[in-house]
Amino acid sequence: MKTYPKIRLVETTSLQMEEFREELAMYDGLNENQLYHYYEPKIGLFIAESPKVIERAMRAGYEPVSALAEKNHLNQEAEEVLEKISDFFSDKEKEEFRVYVCDHELYSSITGLSMTRGMISVMKRRELPTVTEILEAIPGERIRVTIMDDVENPTNVGAIFRSAAALNMDAVILTSTCSDPLYRRASRVSMGTVFQIPWTFFKGYTPSKDFYLSDATDSAGNQGAVNKQDSSGDAGTEGNDRKVYSYIDELHAAGYKVCAMALTDNSVSIDDPELAKVEKLAVILGNEGMGLPESTIAQCDFTVKIPMAHGVDSLNVAAASAVAFYALTLSK
């Protein structure tokens, strides 16, 4: 195998190797919530999957801790990432960066995927900016940001990030009951675009998702099922009586008009010319099953719908986001 300065390739046949037990446990023994709290009270860790996602995370300033690679994938894209990791630590005091190299059987048993992307890495989280810092840093006069309100499936979160980055949205802000964009599946589905567009949470975010690296489903077969909690640790309630966050007042105070993506009797079309006239617009996407609470919709300046045919009444939130972002950024 090729060698790289400051990188130690460790042939791994078992996750029980005594010398590296603690570091290897990050890949199989800890769930995402435990990784988040790993250095508590300091900021914790997350898993980045695939060379592309790892490279984009590093480009955004996230520091890798170690990596796990499938031996057959240590070429081309993986080699490029290893070279970047070597360069990343070239002027740092870290003695060595360990890459645990294993066969396909062990790698797939850890990741839960038979079709693997060849490499995953434990990485250090970074302090998130505040909402005010995000909004004040956006350049230009015609601004479009998206708000995710209780989007709880990490696949949807990742897909929305990918569309937001590709379709010229300026930032993403999430409520506390959304899935974490740095959870492995979310960042994987986003193709690393979570590291290419500014984002943060409205204050009060406390991760409560209990995803394991195997991407397990719940008893009903729902991927990424969660037990929601609010910022005080209380379990969230179902239905339209769930807690509504006061983030709309914060957006209004920052000079934004706010539109809710929802089907109501007074919804306007996504191509309504009045929307194009708005200089600073925030677009809210709601929960996969329940949409947005009526009380949230009532606080918005616009309620917007996507015209549909063949009797279809709604789209998946990720698909709807792509249509909305394209339509609402045409005037930028």
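**Close-up views of a predicted model**

**View 1. Helix 3 and what covers it.** In helix 3 (residues 51-59), the buried residues are Pro51, Val53, Ile54, Glu55, Ala57 and Met58. This is a predicted model, so keep that in mind for every view here. Who does the covering? Strand 2 (45-49), strand 3 (64-70), helix 4 (77-88), strand 5 (119-124) and helix 8 (184-189) are among the elements that sit over those buried residues of helix 3. Look just past the end of helix 3 and you'll meet Gly61, whose phi is positive, at about 100 degrees.

**View 2. The five-stranded sheet.** Here five strands make an open sheet, ordered 1-4-3-5-2, with mixed pairing. Strand 1 (7-11) and strand 2 are the edge strands; each has a single partner strand, so one side of each has no neighbour in the sheet. From one strand to the next, the twist averages 20 degrees. Strand 2 and strand 5 run antiparallel and are joined by five bridges. Zoom in on Glu49 and you'll find it opposite Ile120 of strand 5.

**View 3. Two helices lying across that sheet.** Helix 1 (residues 21-28) lies across strand 2, strand 3, strand 4 (97-102) and strand 5, and runs at about 70 degrees to strand 3. Helix 5 (residues 104-111) lies across strand 3, strand 4 and strand 5, at about 125 degrees to strand 3.

**View 4. The seven-stranded sheet.** Now for another open sheet: seven strands in the order 8-7-6-11-9-12-10, with parallel pairing. Which strands stand at the edges? They are strand 8 (199-201) and strand 10 (268-269), each with a single partner strand, so each has one side without a neighbour in the sheet. Strand 10 pairs with strand 12 (residues 302-305) in the parallel sense, over two bridges. Val268 has Val304 in strand 12 as its bridge partner. Helix 7 packs on this sheet and touches strand 6 (143-148), strand 7 (171-174), strand 8 and strand 11 (280-285), its direction making about 155 degrees with that of strand 7. Helix 12 packs on the sheet too, touching strand 6, strand 9 (257-261) and strand 11, at about 165 degrees to the direction of strand 11.

**View 5. Helix 7 meets helix 12.** Helix 7 (residues 154-166) and helix 12 (residues 317-328) pack at about 10 degrees, their axes 9 Å apart. That angle makes helix 7 roughly parallel to helix 12. Their crossing is right-handed. From helix 7 come Asn156, Ala159, Ile160, Ser163 and Ala164, which meet Val317, Ala318, Ser321, Ala322 and Phe325 of helix 12. By class, this contact has seven nonpolar residues, three polar and no charged ones.

How values were computed:
Residues are numbered from 1 along each chain as its sequence is written. This is a predicted model: local features need pLDDT of at least 70, side-chain atom pairs count only at pLDDT 80 or more; totals for chains, interfaces and linings use all residues. Side-chain values use heavy atoms; hydrogens and water are left out. Axes are lines fitted to C-alpha atoms, for helices over the stretch in contact, and angles run from 0 to 180 degrees between N-to-C directions. Helices (H or I, at least four residues) and strands (E, at least two) are DSSP runs, numbered from the N terminus. Angles under 35 degrees count as roughly parallel, over 145 as roughly antiparallel, 65 to 115 as roughly perpendicular and the rest as oblique. A crossing is left-handed if the near helix is turned anticlockwise from the far one by less than a right angle, and right-handed if clockwise. Contact means heavy atoms within 4.5 Å. Ala, Val, Leu, Ile, Met, Phe, Trp, Tyr, Cys and Pro count as nonpolar, Asp, Glu, Lys and Arg as charged, and the others, Gly among them, as polar. Buried means under 20% relative accessible area, exposed over 50%, partly exposed in between (1.4 Å probe, protein chains only). Two strands pair if DSSP finds at least two bridges between them.
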